[in-house]
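Visitor: I am new to this structure and would like to be taken through it. Where should we start?

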Amino acid sequence: MPQHTFLVNGRRVSVNSDSDVRLLWILRDRLGITGPKYGCGINVCKACTSHINGKAFNPCAVRVGDLKRNDEVTTIEGLAKVGPKRPKGELHPMQEAWIDQDVAQCGYCQPGQIMAAVAKVREARREGRRISDADLDEIRNICRCGTYFRIREAIKDGARRMGPRD
Amino acid sequence: MTADEQVRPDRAQDEDEGLDVSLPADGGLEGPGRRRFLGYVLAGATLVTAADLVAGGTPAHAKIPSLPQPAELYDLNDLITDAARPTANLISITINRDGTASFALPRSENGQGIVDSTAMLIAEELDLPVSKVKVTLADARPELLFNQLTGGSTTTTSTFTPIRVAAAIAKGALLDAAAIVLGDTVALLQSKGGVITAPSGRSVTYGELATRAASGRDRQVAVDLKSSGYRVIGTPVKRSDARAAVTGRKKYTLDLKVPGALPTMVCRPPSLNGEPISVRNLRAVRRMPGVTHVLQIDTGVAVRARTFGQCIDAIRALEVQWKDGPVVGDSDGDIRTKLRAAQLPFVVPRVDVLASTVEHEFTFWFKGNSALEPNAAIADVRADRAEIWSGLKNPIIAQQEIAQAVGLPQDAVKVHVIQGGGSFGRKLFFDGALEAAKISKAMGVPVKLMWHRADDTRQGRVHPMAVSRTRATYLGGNVLSFEQRHASVSTDYRHGLGEILSATAAKLPFGGNYSFAQSIYLLTQELGYDFGVVDSLLNEVDERFNTGSMRNIYSPDTRTAIELTVEDLARKMKKDPYEFRREFAKNARTKAVLDAVAKAANWGKTMAPGTAQGIAIHREYKGVTACVVELDCRPRTVNRRIREARTGPRVMRATFAVDAGLVINPNHLEAQMQGGMMDGIALALTSSLHLRNGRFLEASWDNYAYTRQWNVPPKMKVVIVDSGVDQPGGAGEAGVAATCAAVATAYWRATGTMPKEFPINHQQALHFRTKPFVPPVPQSPRNGLRFTF
């Protein structure tokens, strides 16, 4: 079985696995990183949304064999370490916004929501604009508890808090 | 049961009008109520016909008060609270040496916030900061009998007193112990923040007292509970698990690491509730990468492997011969025909030859009851004991039936209740835990069972399809009668009240389940209006489906039927929908909530063509709710093109008013209403399961169109109405019905067409391509790196 090496939350990991195994199972079942959730496995529900090289992606739809040695995968567990150094205990501004707005109900979708939200804000910034209702309408992450209203408020709040490196 | 004011008929108006209410009828009809109607008719009839009486703008005369429906006297909340009562005091609070209090709550937390509200109740009576109260979820405790059921929005009402009594007793014991330590009398001691202080200034902490306050024997104690001046109850405390949720540290069943419990999935039949006959390539699949076991079971073919992805690969490779499920041959139109034939008749005779009738029939198609966390359970079954981990709202019956299935004594089966990723009624069923236990026993190893999303959608639990008929009669400015007949596919209550006695009763042939259903219907249905003679009856048929009590059970459907009929009555009487509802509202709390929502929503404002406001009320859970939505049905909104999505009309603004009695946590209450509003919008506009030839077509969250961001109202507001009631009502389900109904009435007002089926788009062309049924689960895509942003 081939060995696959890549970065996860700042650490370089190596896993022996069939190349075709999707990254979500490597993260969850092999590496014990359970922040990205299984909601469907077919890149529809977006509960597993994480970052690859700073951009949102869904590991349920990526073969572990397609990762390169220097690809940086960030899951929700690693988000607080992204960006400028923060005081001890402080999280990423989007996570802090999520706590302030008290968004989560069951919480199952929230890791993916937060990762998608951060990427959406970064995308808007790259395009030289502020996050808008139209951007929020594009987010496909499902929330069955229906916390969407507070998600939207938290994303706008998080966007205000996010610095250029967040 | 809270006392609601009975609104008395407004007699004063009669006198002002100079109507002779004792004038005999032209037909000599009897009864004082009858006379009053006829008095009005005669007065009007001298000049105009009955219809024009209405056109003249009949003032708000005496409406005909309706007798109480069963739910107004005793409702499902009362039933579940009473069932919990015999063992309500078998719960206990522990004071720990570190000064914290611990409590194992015999309920299931799936996002509704009861862990936190419970901590608040304890903090209130114990004078502790909420952060020092640790609430966990209790394992299955069969001695609790019916007191370990989570459902019906009853957790707060059924535990409000027992938990506070336990906390108050604990505080009493701490004060007694402190009195000894500090050498003072209890009455002079002050407790605050976990510290007890004497007038001398000397103090001692709960932690220091924990051992001293302990008693060597059981003894009965009387306590007084606070009933006002709350310090914690009523404050908007934030969720205690928020940090864990946003950092990925919160663990759900599938995240738990149980030694040896490897990923396990089941290859399921292509038709609903089909069965496996044989497997052609068992040996070949057993040799696939990562696979440890492949085994035929009663529900399909189980596969255990190193990763879930390898389970999916194996399932897709299996060649299975299947027996058709019992629904093959039927599509949802056939079920509707069956339901129509099963309708019970209306019974109220024509009350007057001049009275007019409105009569309607509405169809509510099947809805999916899945949560985002798929059905999941971990089972480790050994020869002499078993351990189960799952999100369970009925852990006792789960323990009992699992013990039976694996041939162990009940107390050899430990059942852990894990915080769940949503439930909405789904976790009343322990089918995942039972399956996992059987598989673990058969394989001889621990298993971590997961249902694929396609499994959950196609073979999981559903809200039963129903056809609801209404008939109302009216005359002049009065509604004389209002009847509802609800014919539903059988709702499965075979979990009973959470343990095996009542579950067995529900399974009895010749109407065991139906008795439960009819009782629950009668205990939950409350019209809320004074419409003269009022009745509502349920009939259920067809037990072939895996149905359940999805959030708010019958009410989103029945309320939508009611409110559209009310809308029709208002139109016929040429009254504003809000004014009409207010006039006929049965009690003051309903009026107050209507007023609150109308004000907050700016009811009656000018709306652009193709858009409209809609309003509705709902009474349940010892409280009352009202909703106003602004619905945009203009083509540019309805025809938005989003890939694999249902767009259609969009609620642009939703305003909700809720009177939930005594509010424990207004922040959580608002959250529950917000969530319920999303449910209501989905039920009315976008989400349903299509049954074709014995199979549900939907297999993903893009197929089954629960509310997504593009369906969300950009503007939402929840108003909490305080009616001064000192007992808490239920919240978890209270947001759904009024919202669904308000969307329906808004749709009629915006388009001019009364919607008759829900969701409104069910008969439109599917917005997705149906995924195959063999194999039963789709492969995970490989192109994810093309869609980064």
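**A five-stranded sheet in chain B**

Guide: In this predicted model, strand E12 (residues 356-364) of chain B and E28(B) run parallel as partners, joined by two bridges.

Visitor: Which residue of E28(B) is the bridge partner of Thr363(B)?

Guide: E12(B) and E28(B) pair in the parallel sense over two bridges. For Thr363(B), the bridge partner in E28(B) is Glu757(B).

Visitor: Which strands stand at the edges of the sheet that holds E12 and E28 of chain B?

Guide: The sheet is open, has mixed pairing and follows the order E21-E20-E19-E12-E28 (chain B). An edge strand here has a single partner strand, so one of its sides is left without a neighbour in the sheet. The strands at the edges are strand E21 (533-541) and strand E28 (757-758) of chain B.

Visitor: What angle does helix H12 of chain B make with E19(B)?

Guide: Helix H12 (residues 332-341) of chain B packs on this sheet and touches E12, strand E19 (466-475), strand E20 (478-489) and E21 of chain B. Between the direction of H12(B) and that of E19(B), the angle is about 45 degrees.

Visitor: Where is Asp542(B), the residue that has a positive phi although it is not a glycine?

Guide: The phi of Asp542(B) is about 75 degrees. Asp542(B) lies in the loop between E21 and helix H18 (555-572) of chain B.

Visitor: Which residue does a cis peptide bond join to Phe758(B)?

Guide: The omega of this bond is about 0 degrees. The partner is found in the segment after E28 of chain B. The residue joined to Phe758(B) is Pro759(B).

Visitor: What is omega for the cis peptide bond from Val774(B) to Pro775(B)?

Guide: Pro775(B) is placed in the segment after E28 of chain B. For the bond that leads to Pro775(B) from Val774(B), omega is near -5 degrees.

**A three-stranded sheet in chain B**

Visitor: In the sheet E1-E2-E3 of chain B, which strands have a single partner strand?

Guide: This open sheet has mixed pairing. Two of its strands stand at the edges, so each has one side without a neighbour in the sheet. They are strand E1 (93-95) and strand E3 (133-137) of chain B.

Visitor: Which residue in E3(B) is the bridge partner of Phe103(B)?

Guide: Strand E2 (residues 101-105) of chain B pairs with E3(B) in the parallel sense, over five bridges. The partner of Phe103(B) in E3(B) is Val135(B).

Visitor: Which helix packs on the sheet and touches E1, E2 and E3 of chain B?

Guide: The direction of this helix makes about 140 degrees with that of E2(B). The helix is H6 (residues 114-126) of chain B.

**Helix packing in chain A**

Visitor: How are H3(A) and H5(A) set to each other: parallel or oblique?

Guide: Helix H3 (residues 110-126) of chain A and helix H5 (residues 148-161) of chain A have axes 10 Å apart, at an angle of about 45 degrees. H3(A) is therefore, with respect to H5(A), oblique.

Visitor: Is the crossing of H2(A) and H3(A) left-handed or right-handed?

Guide: The axes of helix H2 (residues 93-100) of chain A and H3(A) come within 10 Å and cross at roughly 130 degrees. That angle makes H2(A) oblique to H3(A). As for its hand, the crossing is right-handed.

Visitor: Which residues of H3(A) make the contact with H2(A)?

Guide: The contact divides into five nonpolar, two polar and no charged residues. H2(A) contributes Met94(A), Gln95(A) and Trp98(A). From H3(A) come Gln110(A), Ile114(A), Ala117(A) and Val118(A).

**Chain B as a whole and its contact with chain A**

Visitor: What is the radius of gyration of chain B?

Guide: The C-alpha trace of chain B spans about 85 × 80 × 55 Å along its principal axes. For 789 residues, a compact globule would have a radius of gyration near 28 Å. The value for chain B agrees with this, at 29 Å.

Visitor: Which element gives the most to the side of chain B that touches chain A?

Guide: The contact takes 60 residues from chain B and 61 residues from chain A. Helix H9 (242-247), helix H11 (308-317) and helix H22 (666-686) of chain B each give two or more residues to that side of chain B. With seven residues, the one that gives the most is H22(B).

Methods
Residues numbered from 1 in each chain as written. Chains lettered and ligands numbered in written order. Predicted model: local features only at pLDDT ≥ 70, side-chain atom pairs only at ≥ 80, totals over all residues. Contact = placed C-beta atoms within 7 Å. Helix = DSSP H or I, 4+ residues; strand = E, 2+ residues; numbered from the N terminus. Axes fitted to C-alpha atoms, helices over the stretch in contact; angles between N-to-C directions. Parallel < 35°, antiparallel > 145°, perpendicular 65-115°, else oblique. Pairing = 2+ DSSP bridges. Rg over C-alpha atoms; globule rule 2.2 N^0.38 Å. Left-handed = near helix turned anticlockwise from the far one by under 90°. Nonpolar A, V, L, I, M, F, W, Y, C, P; charged D, E, K, R; others polar.
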